[in-house]
Amino acid sequence: MKALIAMSGGVDSSVAALLMQQKGYETVGVTMKLYDNEDIGMCNVHTCCSLKDIEDARAVATTLGMPYYVMNFQDGFNEKIIEPFSRTYLHGATPNPCIDCNRYMKFGALLQRAKELGCEKAVTGHYARIEQDPETGKYLLKKAIDPKKDQSYVLYFLSQEQLAFLDFPLGGLEKTAARDLAEEHNLINARKHDSQDICFVPDGNYSRVIDEYLEAHADEAAASFNIPDCHVGPGDFVDLQGNVLGQHKGFYHYTIGQRKGLGISAKEPLYVVKIEPKENRVVLGSNDDLFKKEVSAVQVHWINEPEEGTKEIRCAAKIRYQAKEVMGTAEILEKAEDGYLVIMHFDEAVRAATKGQSLVFYDGDICLGGGIISE
């Protein structure tokens, strides 16, 4: 049995390769070349596509005695990841590009490449578990054993076909155990720090990416982003009644729930509660104004389709990766070509649900699916 290992140069994917070898698989290591630094307007930066990461992945492959390749996946990365990232902000929403990268690159293009190479499995270092329901035969996506490292949230889009082809060897391990395994087997990256930033925004300054994209596409910006009369320069901070409180530097520099960096003096703390790109306004309010009990999501994908006629599902959901789960009722309204429209009626109000982020549903440790927050 042959397994393709997606290797980032980090310890998790390296241990995933080790564990697959211990299962008896013939392993092949692959690092995805997603972009050049010039593509993101930066040079000589340390990102997950850096030369150092490639060197680390190659060193691990040598230690484990397996072939290793760097494969070029740059063609789709700008179209599928960077452009939608900019477009989402210009619609007044906040994207999660790591989910898109997983969806279209790691579990799209890379899975296809694995099949072309005759592999029976594609493997990543994600902390999640795949199990097959003995009664239905359907595959389940489950949380990792280590709750601090669980990444099921960013994998909610996986299909039955993909789950059957994938393996997440780290799902049953604590992170500390993974590092210990790497050290025991003399892997060079056993104590390497985890990457925290968006790979193409290594300096954390996401607005720079949008500024540069707008500059490069100034003439067609409004048309390409489908935002009529969109003004991307300075505009008004307003309160919920529409009173002007000050000037912002461009609405896409802000996100829901933001308090710092507003430059507004007030008796009580102010937070971003709404972004209005067509009016070029950023609406500020109190912390209480951020709490909502209903959150709508579009493009909702269920890992296991609900029974026909199902209108409600009692479950928990989380509105961002680091958020806690809150119980409620998912109301299924309609199904479109790109997924279901769902309103989550939370039992308790959730804070700062943000358009563009993902709403992900859970039944205990089983990830049911998820979609994109629309309202």
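What follows is a walk through one chain, from its overall build to its cores and then to one of its sheets. The model is a predicted one.

To start with the overall picture, the chain holds eight helices and 17 strands. Its C-alpha atoms fill a box of roughly 65 × 50 × 40 Å along the principal axes. A compact globule of 375 residues would have a radius of gyration near 21 Å, and the chain comes out at 22 Å, so the two agree. Just over the halfway mark, 51% of the 375 residues count as buried. The accessible surface adds up to about 18,000 Å², and carbon and sulfur atoms account for 47% of that. As for how the chain meets itself, take the contacts between residues at least 6 apart in sequence: 66% of these join residues at least 24 apart.

Turning to the inside, the largest nonpolar core has 62 residues, and Phe77 and Phe200 are the ones that touch the most other members. Helix α4, covering residues 97–116, gives this core its largest share, with seven residues. Another core lies apart from it and counts 28 residues, including Leu19, Tyr25, Ala57 and Val123.

One sheet is worth a slower look. It is an open sheet of four strands, lined up as β9-β8-β11-β10, with mixed pairing. β9 (244–248) and β10 sit at the edges with a single partner strand each, so each has one side left without a neighbour in the sheet. From one strand to the next, the twist averages 30°.

Within this sheet, strand β11 (residues 281–285) is mostly covered, with four of its five residues buried. On one hand, β11 runs parallel to strand β8 (residues 235–238), and three bridges join the pair. Here aspartate 236 stands opposite arginine 281 of β11. On the other hand, β11 runs antiparallel to strand β10 (residues 271–276), this time with five bridges. Two of the facing pairs can be picked out: lysine 274 is opposite valine 283 in β11, and isoleucine 275 has valine 282 of β11 as its bridge partner. In a regular strand, side chains alternate between the two faces of the sheet.

β10 and β11 also make up a hairpin, with four residues between the strands. In that turn, asparagine 280 has a positive phi of about 55°.

Key
Residues numbered from 1 in each chain as written. Predicted model: local features only at pLDDT ≥ 70, side-chain atom pairs only at ≥ 80, totals over all residues. Heavy atoms only, no water. Core = buried A, V, L, I, M, F, W, Y, C linked by side-chain atoms within 4.5 Å. Buried < 20%, exposed > 50% of the residue type's maximum accessible area, 1.4 Å probe, protein only. Pairing = 2+ DSSP bridges. Axes fitted to C-alpha atoms, helices over the stretch in contact; angles between N-to-C directions. Rg over C-alpha atoms; globule rule 2.2 N^0.38 Å. Contact = heavy atoms within 4.5 Å. Areas by Shrake-Rupley, 256 points an atom, 1.4 Å probe, with all protein chains shown as cover.
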